[in-house]
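Q: Could you take a close look at one part of this structure for me, and then work outward from there? I'd like a connected account that I can follow residue by residue.

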Amino acid sequence: MSWIDKILPSGVSKAEGQKRASVPEGLWKKCLKCDAVLYRPDLERNGDVCPKCDHHMRIGARRRLDLFLDAEGREEILTEVEPVDRLKFKDKKRYRDRLSAAQKSTGEKDALVAMRGNLLGMPLVCVAFEFNFHGGSMGNAVGEKFTRAAKLAMELGVPMVCFSASGGARMQEALISLMQMAKTSAVLERMKLMGVPFISVMTDPVYGGVSASLAMLGDINIAEPDARAGFAGPNIIEQTIRQKLPKGFQRSEFLLEHGAIDMIVPRGEMRETIGRLLAKLGDLPAPDVELVPEVEVETEEADDAGDE
Amino acid sequence: MNPNYLDFEQPIAELEVKIEELQLVSSDNELNISEEIQTLRHKSAKLTEKIFANLSAWDIVKVARHPLRPYSLDYIPRIFTEFDELHGDRRFGDDKAIVGGVARLDGRPVMVIGQEKGRAVKDKVYRNFGMPKPEGYRKALRLMELAERYKMPVVTLIDTPGAYPGIDSEERGISESIAQNLAVMSRLATPLVCIVIGEGSSGGALGIGVGDHLAMLQYSTYFVISPEGCANIIWKDSVHAPEAAEAMGVTSSVLEELGIVDATIPEPLGGAHRDVDLMAQRLREHLVDQIDRLARLPLEDLLSQRYERILSFGNN
């Protein structure tokens, strides 16, 4: 009997554990906030939110879209957008090599994943940042994919939702990264004038160039509980003002208190809340949250639109 | 070491001291050493030319932050007439790190907005070292929208070590204030001409830096993160700032190649601070040309060209 069997609570998926040749790594996960040791399948059922202390753990872009979009009728778009090392940037390592390493470890081309799909039966375009790819930083690939996704939303006349998680602009693409702030803000301004809804959801963490552009420009700004979002990182601020920062500084509750966001929405209520909001902005009947919607799959149209 | 000269300028400083000494001697007695002075002046100019022909990216960053570097308030009275400063964001306060107001350029009414670092120590503190807070960006936005209503072209002068990283800045939404400016500047229905006159640091610079035409002075710099900040992150030590500056390409020559900067305005020999009047004259000519050109475009074309230009960043 292995050590893991000894600590497994009786009746908890022992059978599942035995089915596999060895106990898979990471069957248990420790909550970073309350230190509770959590059984991973339970944790996953709870959307990677600690059942004990409600800590919202960081999740990847695909998992995020998985949790958010209806299961039917979703389709990844804009996969042709790839990063380019225009500056041949080299520090201790070459940026090109850093990119390949990030691509290998995450399976993503860059730090933004875009999908078309439905939320409670309402069609929309949704993008999510992959924080594990270079800290979710925004270089040209991220800015370009975001911009094309927004253009597609305008073309289709469907809302766009963005889940951001980013350290800011990507240093290795230097001023090209900075200009992605201008680019994403410009396309969002056009969306705004067209009356196409954009909902920005900030998840832990959102800083720098992403915070000072697309993340703050939602028709409605939302943050997950206890997420940190701000312009300058806490270290920089502490160094500048030479004093300790107050507790909860730049956290969701701080953002709400200071008027930067409209609401804090727990992960488990995200679908329902955004669904309700979008239905009202689009003058649609209240979505039936109990109903798993029947969705028509529109593959042909989607293929065309994906090339935009 | 002469504090008014940078490290790589010290040989020039030594020559200048000699010239000064000789001038004192010549005014004191009858000896005619004007020829000697002429020779030294010529030598000094040659030396300056030689040194400035081979500046590294990091050297240029230093010139851009030179203690004698002309700031917005040095240029404004030399370029424009009738500058009437306008104050306040109408929401919270008046940010001294951004100055703005209506003026005339070659007779034409324009809106001028510039970041101001402040010269003497007291002045620097008053100007928060050129680091704007949200109210600065909101004042700039208010002035730009005012300009739009009265069909005045907008000129922005960029020179900042960055938006202010402080508690109050975050409390009042520094991110939102910058983001909002980026959004509105992308469609502001009047010509918008931007010039980096010194240090263009990241989002704090971009917050007044989106427009129809972007120029940089020859020895100005524009970066997404300061070379010291970049070095701190990558090498965990800011002594690597020169390498970071080189890698990021923080000068106009690189940025023109990337299609981000449209033009470089040459500086007087040894940098803008050596001849502020001449620099202001060149800036003025540049602004008159650009605004004449942009003001002739039908508004629809102006705006669609600006939008396409912004959306092309990184793709060309």
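A: Happy to: we start at the cysteine site of chain A, then move on to charged side chains and finally to the nonpolar cores. Please keep in mind throughout that this is a predicted model.

A little setting helps. Chain A carries 12 helices and 10 strands, and 52% of its 308 residues count as buried. Among the contacts in chain A with a separation of 6 or more, 68% join residues 24 or more positions apart.

Now to the site itself. An unreviewed UniProt entry places a "binding site" feature at Cys31(A), Cys34(A), Cys50(A) and Cys53(A). These four are spread over 23 residues of sequence, yet they cluster in space, with a largest C-alpha distance of 8.6 Å. Two of them are worth a careful look. Cys31(A) sits in the loop between β1 and β2 of chain A, and its relative accessibility of 0% makes it buried. Apart from neighbours within four places in sequence, Cys31(A) is in contact with Ala36(A), Leu38(A), Cys50(A), Cys53(A), His55(A) and Met57(A). That list includes two other cysteines of the annotated site, Cys50(A) and Cys53(A). Cys53(A), in turn, belongs to the loop between α3 (40-45) and α4 (61-68) of chain A. At 27% relative accessibility Cys53(A) is partly exposed, whereas Cys31(A) is buried. With the same sequence neighbours set aside, the contacts of Cys53(A) are Cys31(A), Lys33(A) and Cys34(A).

Lys33(A) is a good stepping stone out of the site. As a general matter, side chains of opposite charge can pair when their charged atoms come close. Lys33(A) forms a salt bridge with Asp226(A), at 3.6 Å from N to O. Lys33(A) is in the loop between β1 (28-30) and β2 (37-39), while Asp226(A) is in the loop between β8 (220-223) and β9 (229-230), so this pair ties together parts of chain A that are 193 residues apart in sequence. Lys33(A) is exposed at 52%, and Asp226(A) is partly exposed at 26%.

The loop between β8 and β9 of chain A also holds Glu224(A). The side chain of Glu224(A) makes a salt bridge with that of Arg267(A), at 2.9 Å from N to O. Arg267(A) comes from the loop between β10 (263-264) and α11 (270-281), so here the parts tied together are 43 residues apart in sequence. Both partners are buried: Glu224(A) has 2% relative accessibility and Arg267(A) has 9%. Another buried pair is Glu173(A) and Arg170(A), which meet in a salt bridge at 3.9 Å. Their relative accessibilities are 2% for Glu173(A) and 1% for Arg170(A). Over all chains the count reaches 42 salt bridges. In chain B, a network of them links Arg65(B), Lys117(B), Asp159(B), Glu199(B) and Glu228(B).

Which buried charge goes without a salt bridge? Lys145(A), in helix α6 (residues 140-156) of chain A, is one such case. The nearest side chain of opposite charge belongs to Glu76(A), 4.6 Å away, and the pair is not a salt bridge because that would call for a nitrogen within 4 Å of a carboxyl oxygen. What Lys145(A) does have is a polar side-chain atom 2.9 Å from the backbone oxygen of Leu112(A). Beyond residues up to four places away in sequence, Lys145(A) touches Leu78(A), Val81(A), Leu112(A), Val113(A) and Ala114(A).

That brings us to the nonpolar cores. The largest has 119 residues, and Phe146(A), Met160(A) and Tyr222(B) have the most contacts inside it. Helix α7 (residues 174-194) of chain A supplies the largest share of this core, 11 residues. Tyr222(B) reaches across to chain A, where it touches Leu175(A), Leu178(A) and Met179(A). Its contacts in chain B include Val196(B), Gly200(B), Ala205(B), Leu206(B) and Leu214(B), and also Met216(B), Val250(B) and Leu255(B). A second, separate core has 28 residues, among them Ile79(B), Ile197(B), Ile265(B) and Val276(B).

Technical notes:
Residues are numbered from 1 along each chain as its sequence is written. Chains are lettered from A and ligands numbered from 1 in the order in which they are written. This is a predicted model: local features need pLDDT of at least 70, side-chain atom pairs count only at pLDDT 80 or more; totals for chains, interfaces and linings use all residues. Side-chain values use heavy atoms; hydrogens and water are left out. Helices (H or I, at least four residues) and strands (E, at least two) are DSSP runs, numbered from the N terminus. Buried means under 20% relative accessible area, exposed over 50%, partly exposed in between (1.4 Å probe, protein chains only). Lys and Arg count as positive and Asp and Glu as negative; His and the chain ends are not counted. A polar contact is a pair of N or O atoms within 3.5 Å; within protein, one must be able to donate a hydrogen and the other to accept it, and residues adjacent in sequence count only if both atoms are side-chain atoms. Contact means heavy atoms within 4.5 Å. A nonpolar core is a set of buried Ala, Val, Leu, Ile, Met, Phe, Trp, Tyr and Cys residues joined through side-chain atoms within 4.5 Å. UniProt positions are given in the numbering used here, feature names are shortened, and annotations may be inferred rather than shown by experiment.
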